[in-house]
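Colleague: Got a minute to go through this one with me? I'd like to hear the reasoning behind the labels.

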Amino acid sequence: MTIQIFILKFFEQFILSFISAVGFAIIFQVPRNRVIYSGWAGAGGWIIYWFCLLIGMGNIISTFIGAFSIAWISYIIARKLKTPATLYNIPGITSVVPGGTSYKMTYSLLIGDYHQAVEHGIQVIALAGAIAGGLIFFEVARRNFKEGLVPKIQKRR
């Protein structure tokens, strides 16, 4: 992959994931003046997930790292704006939800290919666990390493 193609793919991935997170923020009725920040959280997490896949990490560990980074970005935004982090977490996390794999599992069940359905079902469970694990791991790390994990935000006078 040449550098020009990589840059174009990067912007494509960023813009589409940003739009996706903003769309879900609107659906989940995030206040209008906070919707854009949900987009930043979702796009940032997706780019990190996508980069992890590009360098050869597996899908599950990439999903874990992506969910962790979405939680991290959401928390930083929430502290800066003095709002709950769930305003940015929930719309942002939709970018790494395994919708395609869930669809394949359901389709395999409907056509009677139970072996394939079980295989996709295990993948869905593993990816859902990776998402939950990334969110929980960030929260535990944040509580135990307060100063080192999140930058201190200075109050303006």
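Colleague: Which residues of α4 are buried?

Modeller: In this predicted model, the buried ones in α4 are Leu87, Tyr88, Asn89, Pro91, Gly92 and Ile93. Buried here means under 20% relative accessible area.

Colleague: And what makes you call helix α4 largely enclosed?

Modeller: The helix spans residues 86–93, and 6 of its 8 residues are buried, so the rest of the structure largely encloses it. The cover over those buried residues includes α1 (3–27), α2 (35–54), α3 (59–81) and α6 (114–144).

Colleague: Two of those, α3 and α6, also pack on each other. Why are α3 and α6 called oblique?

Modeller: Their axes are 8 Å apart and meet at an angle of about 40°. Roughly parallel would need under 35 degrees, and roughly perpendicular runs from 65 to 115, so α3 and α6 count as oblique to each other. Their crossing is right-handed.

Colleague: What makes up the contact of α3 with α6, by class?

Modeller: It has 14 nonpolar, 4 polar and 1 charged residues. From α3 the residues include Phe64, Phe68, Trp72 and Tyr75, and among those they meet in α6 are Leu127, Ile131, Phe137, Phe138 and Arg142. Arg counts as charged, while Gly goes with the polar ones, so Gly133 and Gly134 of α6 land in the polar class.

Colleague: Where does UniProt place the ThrE domain?

Modeller: The unreviewed UniProt entry puts "domain: Threonine/Serine exporter ThrE" at residues 13–140. Over that stretch the chain is 83% helix and 0% strand, with the end C-alpha atoms 29 Å apart.

Methods:
Residues are numbered from 1 along each chain as its sequence is written. This is a predicted model: local features need pLDDT of at least 70, side-chain atom pairs count only at pLDDT 80 or more; totals for chains, interfaces and linings use all residues. Side-chain values use heavy atoms; hydrogens and water are left out. Buried means under 20% relative accessible area, exposed over 50%, partly exposed in between (1.4 Å probe, protein chains only). Helices (H or I, at least four residues) and strands (E, at least two) are DSSP runs, numbered from the N terminus. Contact means heavy atoms within 4.5 Å. Axes are lines fitted to C-alpha atoms, for helices over the stretch in contact, and angles run from 0 to 180 degrees between N-to-C directions. Angles under 35 degrees count as roughly parallel, over 145 as roughly antiparallel, 65 to 115 as roughly perpendicular and the rest as oblique. A crossing is left-handed if the near helix is turned anticlockwise from the far one by less than a right angle, and right-handed if clockwise. UniProt positions are given in the numbering used here, feature names are shortened, and annotations may be inferred rather than shown by experiment.
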